[in-house]
Amino acid sequence: MNALELTDVRKVYTMGDGSDVVALDRSNLTVAEDEIIALVGPSGSGKTTLCSMAGGILSPTEGRIVVAGEDISDYGDKELTKFRQESIGFVFQSVNLVPFLNAKENLTVVDELGARTGKEAQRRADDLLGELGLGDRKQNMPSQLSGGQRQRVAIGRALMNDPKLVLFDEPTSSLDTELGEQVMELIRTEMKRRGTAAIVVTHDERITEFCDRSVHIVDGRLES
Ligand SMILES: Nc1ncnc2c1ncn2[C@@H]1O[C@H](COP(=O)(O)OP(=O)(O)OP(=O)(O)O)[C@@H](O)[C@H]1O
Ligand SMILES: [Mg+2]
């Protein structure tokens with residue numbers, strides 16, 4: 001089963017003055033079950049908009065969005081919230097760790113929002129942090145971690161719910177080249193080990209080497 005199928009998806013933002021911005025024009029994209037796609041394009045081309053719709057943060061203006069067989073195109077807010085908790089992992093450029101929770105608590109907080117309970121979540125957070133090389137940093141607050149370590153905590157958090165699709169929006173842009181490549185290597189290893197699909201948004205052509213396939217986007221239009 002494909003991880004993601006976008007069919008003729010369009011997103012139009014209507015501004016306060018009534019004017020329209022076409023952020024994504026009729027777009028088609030298929031991401032296979034265990035595929036890692038690089039989504040490459042200039043600023044303002046629609047990358048975050050596409051990821052937000054694939055991840056159920058935004059609804060499309062037109063078109064169909066199917067994630068691991070589930071058609072979310074017509075979902076309302078409540079259904080989208082449940083869908084995100086069950087099926088999607090997000091990793092953002094700005095990392096977005098909760099500053100007053102330590103590394104492990106930043107993972108287990110997911111469980112309070114979602115499906116896993118108590119002990120199971122504790123164990124899973126321990127396992128993930130171990131795999132990500134942070135077994136001895138679990139108690140550190142985000143401010144006591146390096147940039148790369150923070151990004152790894154964010155990756156661990158995105159994997160807590162066993163997502164069907166992980167969306168990385170410029171995961172390496174705040175890191176230097178070497179660290180960025182290390183984080184990409186880690187992303188690739190972790191996704192392939194789990195057989196989980198991912199979309200990695202990037203400006204950086206070097207990052208595309210860690211992906212199975214690149215898709216380019218210009219002015220809201222996808223071109224493979
Ligand atoms: N909430 C919004 N309301 C109106 N227009 C928006 C909104 N969000 C994005 N846009 C516009 O839609 C277009 C696509 O934006 P998007 O954030 O998807 O681009 P992007 O490719 O992620 O850019 P960047 O690389 O700078 O993050 C841009 O022209 C942007 O100004
Ligand atoms: Mg963006």
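**Asking why: ligand 1 and three loop residues**

Reader: Which residues come nearest to ligand 1?
Author: S43, G44, K47, T48 and T49 do, out of 14 residues around ligand 1. Keep in mind that this is a predicted model.

Reader: What makes a residue count as one of those around ligand 1?
Author: One of its heavy atoms must lie within 4 Å of the ligand. The shell holds 5 nonpolar, 7 polar and 2 charged residues.

Reader: Which element supplies the largest share of the shell around ligand 1?
Author: That is α1, with 3 residues. Both β2 (20-31) and α1 (47-54) supply at least two residues each.

Reader: What makes the pair between T49 and ligand 1 a polar contact?
Author: Check the distance. A polar contact needs N or O atoms within 3.5 Å. An N or O atom in the T49 side chain is 2.6 Å from an oxygen atom of ligand 1. That is within the cut-off, so the pair counts.

Reader: How do you know that S45 and H203 make polar contacts too?
Author: The cut-off is again 3.5 Å. For S45, a polar backbone atom is 3.2 Å from an oxygen atom of ligand 1. For H203, a polar side-chain atom lies 3.5 Å from a ligand oxygen. Both pairs therefore qualify. As for cover, ligand 1 on its own has 640 Å² of accessible area, and the protein covers 61% of that.

Reader: Why is M15 called partly exposed?
Author: Its relative accessibility is 42%. Buried means under 20%, and exposed means over 50%. M15 falls in between, so it is partly exposed. Its place is the loop between β1 (4-14) and β2.

Reader: What makes M15 fit for a surface patch?
Author: A patch residue needs over 30% relative accessible area. M15 has 42%, so it passes that test. With Y13 and V21, M15 forms a nonpolar patch of about 240 Å² accessible area together.

Reader: Why is E170 buried or exposed, and which is D162?
Author: E170 has a relative accessible area of 13%, under the 20% limit, so it is buried. D162 has 45%, between 20% and 50%, so it is partly exposed.

Reader: What makes the phi of D162 and E170 worth a look?
Author: Most residues other than glycine have a negative phi. D162 has a positive phi, near 50°. E170 also has a positive phi, near 50°. Neither is glycine.

Reader: Where do D162 and E170 sit?
Author: D162 is in the loop between α5 (147-159) and β7 (165-169). E170 is in the loop between β7 and α6 (177-194).

Key. Residues numbered from 1 in each chain as written. Chains lettered and ligands numbered in written order. Predicted model: local features only at pLDDT ≥ 70, side-chain atom pairs only at ≥ 80, totals over all residues. Heavy atoms only, no water. Patch = residues over 30% accessible without salt bridge, like charges linked within 9 Å, V, L, I, M, F, W, Y side chains within 5 Å. Areas by Shrake-Rupley, 256 points an atom, 1.4 Å probe, with all protein chains shown as cover. Salt bridge = Lys/Arg side-chain N within 4 Å of Asp/Glu carboxyl O. Helix = DSSP H or I, 4+ residues; strand = E, 2+ residues; numbered from the N terminus. Buried < 20%, exposed > 50% of the residue type's maximum accessible area, 1.4 Å probe, protein only. Polar contact = N/O pair within 3.5 Å; in protein donor to acceptor, adjacent residues only side chain to side chain. Nonpolar A, V, L, I, M, F, W, Y, C, P; charged D, E, K, R; others polar.
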